[in-house]
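This report goes through one protein chain, part by part. Look at the sequence and the structure before reading on.

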Amino acid sequence: LKLIWIEGRSADAVAAGRGGRMEFERALFRIHQRAILSDSVRKVRLRAERILPWCVAGLSVLLLPLHSSYVGQASCLPTALQEAALWDEAAGTASVAEDVILALYLVDGNGLLDVRWQGLDAGSPQGALHPEGVLTQGASATSQSGLSGTGENSTGRWQPPEVRIVPSESIVTLYRFALDRELTMMKEETLKNHNFRVHNITVPVSCLAPSIFIRVAFTALDAFDGLVVNELAYTLRSRGYLERMDGSSKVEAWAWSAEQVEAANPKEGRSVVASFFRKVMIMMKSVIAFLLISAITGFFIRVAVNASAVLMFPLAAFAQSMGSTRLSTGVLTRSFPWIGVHVEVLRRAGRPLWPLFRSHIIFLMLQSFAYLSCNLAWRFILYRKSSPEGFEERIFSFCSILELFGLIFVRSANSIAVFPKLAFASMVYLHFYLFCSLYPFHNLALAICACVCGYVMAYCLNHFEEPALRADPYVPTTPTASHPRAMYMPQLSPSWTLESAPLWTMFYPLEPPNSFPEQALRAISNEEYLTP
């Protein structure tokens, strides 16, 4: 329902039997009309309506087996730790001390050959890392099974290893893991003095992705990081801190707690009742998260669209000072009356215009800063666990696209009834999926949600908006320049005829035309006759 309010927040007002002239809404309607009637745009949306359902089906079929096979479980790392003598056979669990750093390699082939550490002391023997963790001259770092090798850097320094590999093998990705982030933040000298150990673990990519199709899918979705997070979290079932390395530089990092691991997939399982109540709580959190993001995003877009029009006036003044007559302040005053009325008042009084423009620009900058601050706060309030880098920004950007689409294109009664509900359901599904697991397939779920919303957009444009533009213009439910939307709200102030409605009206519920007196609707029809 909130999105329905958003879609009609600038709709024509109806009060005392006459329609309010909302130039802001009419400007958006002209964009809507030209886009709908464009032949090139029509071809794109018709093609999108045919292709996107297949994309949704294909991505959904891909997500189901991948999630059930990789999320909340570990299959490759336990074997690698057994080969590395980091496994307690009696307890059947990993045996990784709290002062140990794991250098985790994803490799093509069976393993590494002759791994040598750089940066050893001048008196230290140069040698490869032996599987049992001692520095020996020329020893191989490949285990008998070829699945994993391990070694210990007795100097305690974190240096990228110098790796010589057989031609058929290569390192795909290097990770660094510790139970506590502070361990990875220590200086090299501290690690050296206290003899911290670094174990090298190699996991072949063929174990994580047994087929070339799965490997290509993981690469396209940037999903290997998520696989490693799940392998570590559900092998150790403890807290952890993981970094993806590029040489000696950190590229991206993830952290999780033991409580998050158990909450997502407890080792002993949970009862049906507990599982039901947990899902109810997650659903409530998902709904609140999307409503909050959508409301603030819609608020900012409304402010940005309103205030950004003021930038045209300084440009017009500058163009006129250069002798150009193509863009005049008079035209802008009529096109943007919510700013133009103030410009005319100051001009007739002989007052300078720059204070007005500067005020609007400062207000826009302040609102932009507030929106960016909200984005940062959402990461700590709503998304309190690790996710791919930039994923939250992609969600915020996608919500902005939904809000802009609703502001410009959702105008007919059918679109107002369908699009907000389906977009709401898709975004709640996305958040519900993300909150249920420790580290699911974020990008794949977002791609499915985007395809669903894209299909709903194309369907609404093709089956609702285009026929509505060709309908009888004298019917109040037909979007026209006089009444740009099919839903209405009362005009609660005469000032709305020139200025834009207050921001709080974006939350005012809309009503169909039959909710208003016949005299008010007749005034709208008369306005249609008078519109050139």
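Which residues are buried in helix H12 (residues 312-321)? They are Phe313, Pro314, Ala316 and Ala319. The model shown here is predicted, and the values below are computed from its atoms.

**Helix H12 and the chain as a whole**

The buried residues of H12 pack against three other helices: H13 (329-335), H14 (337-348) and H15 (354-381). A general point about helices helps in reading such a list. An α-helix has 3.6 residues a turn, so residues three or four places apart point the same way. After H12 comes Gly323, with a positive phi near 95°.

H12 belongs to a chain with 19 helices and 14 strands. The chain has 532 residues, and 51% of them count as buried. If contacts are taken between residues at least 6 apart in sequence, 75% of them join residues at least 24 apart. The exposed area of the chain is about 25,100 Å², of which carbon and sulfur atoms supply 62%.

**Cysteines**

A disulfide is a covalent bond between the sulfur atoms of two cysteines. How many disulfides does the structure hold? There is one, and it joins Cys76 to Cys207 with an S to S distance of 2.0 Å. The pair links distant parts of the chain, 131 residues apart: Cys76 is in the loop between helix H3 (39-70) and helix H4 (77-83), while Cys207 is in helix H7 (residues 205-208). The angle about the S-S bond is -105°, and the link of Cys76 and Cys207 is left-handed.

Why is Cys55 not bonded to Cys451? The closest cysteine sulfur to that of Cys55 is in Cys451, but it is 5.0 Å away, which is too far for a bond; a disulfide needs the two sulfur atoms within 2.5 Å. Cys399 is also in no disulfide, as its nearest cysteine sulfur, that of Cys449, is 8.4 Å away.

The table gives the accessibility of four cysteines.

| Residue | Relative accessibility | Class |
|---|---|---|
| Cys76 | 2% | buried |
| Cys207 | 31% | partly exposed |
| Cys55 | 29% | partly exposed |
| Cys399 | 1% | buried |

Cys76 is called buried because its 2% falls under the 20% cut-off. Cys207, one end of the disulfide, is partly exposed at 31%.

**Two residues in loops**

His483 is placed in the loop between helix H18 (442-469) and strand S14. Is His483 buried or exposed? Its relative accessible area is 2%, so His483 is buried. Its side chain reaches two backbone oxygens: that of Thr478 at 2.8 Å and that of Pro473 at 3.3 Å.

Met506 lies in another stretch of loop, between strand S14 (489-490) and helix H19 (518-530). Met506 counts as buried because its relative accessibility is 0%. Along the chain, Met506 and Gly298 are 208 residues apart, yet their C-alpha atoms are separated by 8.5 Å.

**A nonpolar patch on the surface**

Which residues make the nonpolar surface patch of about 610 Å²? The patch is made by Val273, Phe276, Phe277, Val280, Met281 and Met284. One of these residues, Phe277, lies in helix H11 (residues 272-308). Phe277 has a relative accessible area of 51%, so it passes the mark of over 50% and counts as exposed.

Notes:
Residues numbered from 1 in each chain as written. Predicted model: local features only at pLDDT ≥ 70, side-chain atom pairs only at ≥ 80, totals over all residues. Heavy atoms only, no water. Patch = residues over 30% accessible without salt bridge, like charges linked within 9 Å, V, L, I, M, F, W, Y side chains within 5 Å. Areas by Shrake-Rupley, 256 points an atom, 1.4 Å probe, with all protein chains shown as cover. Salt bridge = Lys/Arg side-chain N within 4 Å of Asp/Glu carboxyl O. Helix = DSSP H or I, 4+ residues; strand = E, 2+ residues; numbered from the N terminus. Buried < 20%, exposed > 50% of the residue type's maximum accessible area, 1.4 Å probe, protein only. Polar contact = N/O pair within 3.5 Å; in protein donor to acceptor, adjacent residues only side chain to side chain. Contact = heavy atoms within 4.5 Å.
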